[in-house]
Amino acid sequence: MLELPASAFNTLEELLDIMRDKLLERRVILVFNDLDLLSSRIVSKLLSSAPQRSLTRFVITARGRTHAEGETVLELEGLTESHARELYKKRAETNGFSELTKNDHECLDNLLEKLDRLPLAIELVAGRLDVLGPNDILE
């Protein structure tokens, strides 16, 4: 793991230079999780500066494309309805909530659909059951 403290660079260009020097000539996989627009621009510059023979591979998760040369997009779908309910139930139990009311069951299907049955969204919602139930979140 390469740690780059903020004090190691003063500008974006310095950061890119450090990353190019330390990483792009090695066989590594760089993982950028949940990239935002600004980070996407940084990674795009890094990708475009990588030599054609680079052994470095990039795995990027984001809501949108980086539009970098050579980008391959793999769109992920949400869980099946049964898997989404199972994940919600497991996370709810982990947080000390094992019982759902009849009203909660009815709302849960609507909630999971609004969350596109995405695992991270489900985990975040289930983690807040001490504050909000499915019905509260839908409102």
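In the predicted model, helix α3 (residues 81-94) and helix α5 (residues 119-126) approach each other, their axes coming within 9 Å and crossing at roughly 35 degrees. The crossing of α3 past α5 is right-handed. On the α3 side, the contact is formed by Ala 84, Leu 87, Tyr 88, Arg 91 and Ala 92, and on the α5 side by Pro 119, Ile 122, Glu 123, Val 125 and Ala 126. Sorted by class, the residues of this contact are eight nonpolar and two charged, with no polar residue.

One of the α3 residues in this contact, Leu 87, is buried, with a relative accessible area of 12%. That value falls under the 20% limit below which a residue is taken as buried. When neighbours within four places in sequence are set aside, Leu 87 is in contact with Leu 79, Pro 119, Ile 122 and Glu 123. Between Leu 87 and Ala 126, the C-alpha atoms are 8.9 Å apart in space, while the two residues are 39 residues apart in sequence.

Helix α5 has two sides that differ in exposure. The buried residues in α5 are Ala 121, Ile 122, Val 125 and Ala 126. Viewed down the axis of α5, these buried residues fall within an arc of 130 degrees, so they line one face of the helix. An α-helix has 3.6 residues a turn, so residues three or four places apart point the same way. Leu 120 and Leu 124, on the other side of α5, are exposed.

Some of the buried α5 residues also belong to the largest nonpolar core, which has 13 residues; within it, Tyr 88, Leu 112, Leu 115, Ile 122 and Val 125 touch the most other members. Helices α3, α4 (102-114) and α5 each supply at least two residues of this core. For Leu 115, the contacts other than those with neighbours within four places in sequence are with Ala 121, Ile 122 and Val 125. A second core, separate from this one, has nine residues, including Leu 15, Leu 30, Phe 32 and Leu 46. In soluble globular proteins, nonpolar side chains tend to be buried together.

The loop between α4 and α5 contains Asp 116 and Arg 117. Most residues other than glycine have a negative phi. Asp 116, which is not a glycine, has a positive phi of about 55 degrees. For Arg 117, also a residue other than glycine, phi is positive and near 55 degrees. Arg 117 is partly exposed, its relative accessible area being 23%.

Two further residues are partly exposed and have a partner distant in sequence. Asn 110, in helix α4, has a relative accessible area of 47% and is partly exposed. Its C-alpha atom is 8.9 Å from that of Pro 134, and the two residues are 24 residues apart in sequence. Leu 55 is located in the loop between α2 (37-49) and β2 (57-62). With 38% relative accessibility, Leu 55 counts as partly exposed. A separation of 8.6 Å lies between the C-alpha atoms of Leu 55 and Ile 29, which are 26 residues apart along the chain.

Over the whole chain, the secondary structure comprises six helices and two strands. Their order along the sequence follows the pattern α-β-α-β-α-α-α-α. Of the 139 residues in the chain, 24% are buried. Where contacts join residues at least 6 apart in sequence, 68% of them are between residues at least 24 apart.

Technical notes:
Residues are numbered from 1 along each chain as its sequence is written. This is a predicted model: local features need pLDDT of at least 70, side-chain atom pairs count only at pLDDT 80 or more; totals for chains, interfaces and linings use all residues. Side-chain values use heavy atoms; hydrogens and water are left out. Axes are lines fitted to C-alpha atoms, for helices over the stretch in contact, and angles run from 0 to 180 degrees between N-to-C directions. Helices (H or I, at least four residues) and strands (E, at least two) are DSSP runs, numbered from the N terminus. A crossing is left-handed if the near helix is turned anticlockwise from the far one by less than a right angle, and right-handed if clockwise. Contact means heavy atoms within 4.5 Å. Ala, Val, Leu, Ile, Met, Phe, Trp, Tyr, Cys and Pro count as nonpolar, Asp, Glu, Lys and Arg as charged, and the others, Gly among them, as polar. Buried means under 20% relative accessible area, exposed over 50%, partly exposed in between (1.4 Å probe, protein chains only). The arc is that of the directions from the helix axis to the C-beta atoms. A nonpolar core is a set of buried Ala, Val, Leu, Ile, Met, Phe, Trp, Tyr and Cys residues joined through side-chain atoms within 4.5 Å.
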